[in-house]
Amino acid sequence: MEQTQAKAKLSYVRISPRKVGIVLDLIRNEPLDKAQAILQYTPKAASEILLKLVNSAAANAENNHNMDKDNLYVAECFVTPGPTLKRIRPMDHGKAFRIRKRTSHITVVLKEKQA
């Protein structure tokens, strides 16, 4: 029997994958309510984005897959790098310094605990 899962994906987010990965490590394999609490009180830029994404995955689980919200946990969460925006900053003596503005694709998968 295949276990149902609820997914939420956010693409082209203007935040570095490295910064997102740090926060994702905090919520991996945690129950839904604990993951939401961790994200709410973690002072990182990625926390606000990830809280919205986890809430979206929870809503998908409840409305699309008829899963019980109390039994959900973060089964998988990962980030992959998106395209990098390349910008130029002028430097002294006519040189140019490349600034890389990184983007991320973030995926969160919720599953139900087996009783």
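## A friendly tour of a predicted fold

Let's begin with Y12, a residue that is exposed, with a relative accessible area of 59%. Y12 sits in strand β1, and its phi is positive, about 60°, although Y12 is not a glycine. Keep in mind that this is a predicted model. From this starting point, the briefing moves through the sheet, the hairpin, the helices, the salt bridges and two buried serines.

**The three-stranded sheet**

- Strand β1, the home of Y12, belongs to an open sheet of 3 strands in the order β1-β5-β2, with antiparallel pairing.
- β1 and β2 are the edge strands, each with a single partner strand, so one side of each has no neighbour in the sheet.
- On average, neighbouring strands of this sheet are turned by 15° against each other, direction ignored.
- Between β1 and β5, which run antiparallel, there are 7 bridges.
- For a pair to look for in the structure, take K7, whose bridge partner in β5 is V109.
- As background, strands of a sheet pair through backbone hydrogen bonds, either parallel or antiparallel.
- Helix α3 lies across β1, β2 and β5, and runs at about 145° to β1.

**The β3-β4 hairpin**

- Strand β3 (residues 85-90) and strand β4 (residues 96-101) run antiparallel and are joined by 6 bridges.
- One residue to find here is L85, whose bridge partner in β4 is K101.
- The two strands, β3 and β4, form a hairpin with 5 residues between them.
- H93 is found in the loop between β3 and β4.
- H93 has a positive phi of about 60° although it is not a glycine.
- Is H93 buried or exposed? With a relative accessibility of 74%, H93 counts as exposed, since the cut-off for exposed is over 50%.

**Helices α1 and α2**

- Helix α1 covers residues 17-27 and helix α2 covers residues 32-41; their axes come within 9 Å and cross at roughly 145°.
- The crossing of α1 with α2 is right-handed.
- Which residues meet where these helices touch? From α1 come V23, L26 and I27, and from α2 come A35, I38 and L39.
- By character, the residues of this contact divide into 6 nonpolar, no polar and no charged.
- Within α1, the residues P17, V20, G21, V23, L24 and I27 are buried.
- What covers the buried residues of α1? The cover includes α2, α3 (45-64), β2 (72-81) and β5 (104-112).
- V23 and I27 therefore appear in both pictures: they are buried in α1, with buried meaning under 20% relative accessible area, and they meet residues of α2.
- After α1 comes N29, which has a positive phi near 65°.

**Two salt bridges**

- How many salt bridges does the structure hold? There are 2.
- One of them links R28 with D25, and their closest N and O atoms are 2.7 Å apart.
- In this pair, R28 is partly exposed at a relative accessible area of 32%, while D25 counts as exposed at 52% relative accessibility.
- E30 and K34 also form a salt bridge, with 3.4 Å between the closest N and O atoms.
- Here E30 is buried, its relative accessible area being 18%, whereas K34 is partly exposed at 43%.

**Two buried serines**

- S16 lies in the loop between β1 (5-13) and α1.
- Why does S16 count as buried? Its relative accessibility is 18%, and the cut-off for buried is under 20%.
- S16 and R102 are 86 residues apart along the chain, yet their C-alpha atoms are separated by 5.1 Å.
- Not counting residues up to four places away in sequence, S16 touches R102 and S104.
- S47 is part of helix α3 and is buried, with a relative accessible area of 2%.
- Leaving aside neighbours within four places in sequence, S47 is in contact with V23, L39 and T42.
- Two of those names have come up before: V23 of α1 and L39 of α2 are among the residues that meet between these helices.

Notes. Residues numbered from 1 in each chain as written. Predicted model: local features only at pLDDT ≥ 70, side-chain atom pairs only at ≥ 80, totals over all residues. Heavy atoms only, no water. Axes fitted to C-alpha atoms, helices over the stretch in contact; angles between N-to-C directions. Helix = DSSP H or I, 4+ residues; strand = E, 2+ residues; numbered from the N terminus. Left-handed = near helix turned anticlockwise from the far one by under 90°. Contact = heavy atoms within 4.5 Å. Nonpolar A, V, L, I, M, F, W, Y, C, P; charged D, E, K, R; others polar. Pairing = 2+ DSSP bridges. Buried < 20%, exposed > 50% of the residue type's maximum accessible area, 1.4 Å probe, protein only. Salt bridge = Lys/Arg side-chain N within 4 Å of Asp/Glu carboxyl O.
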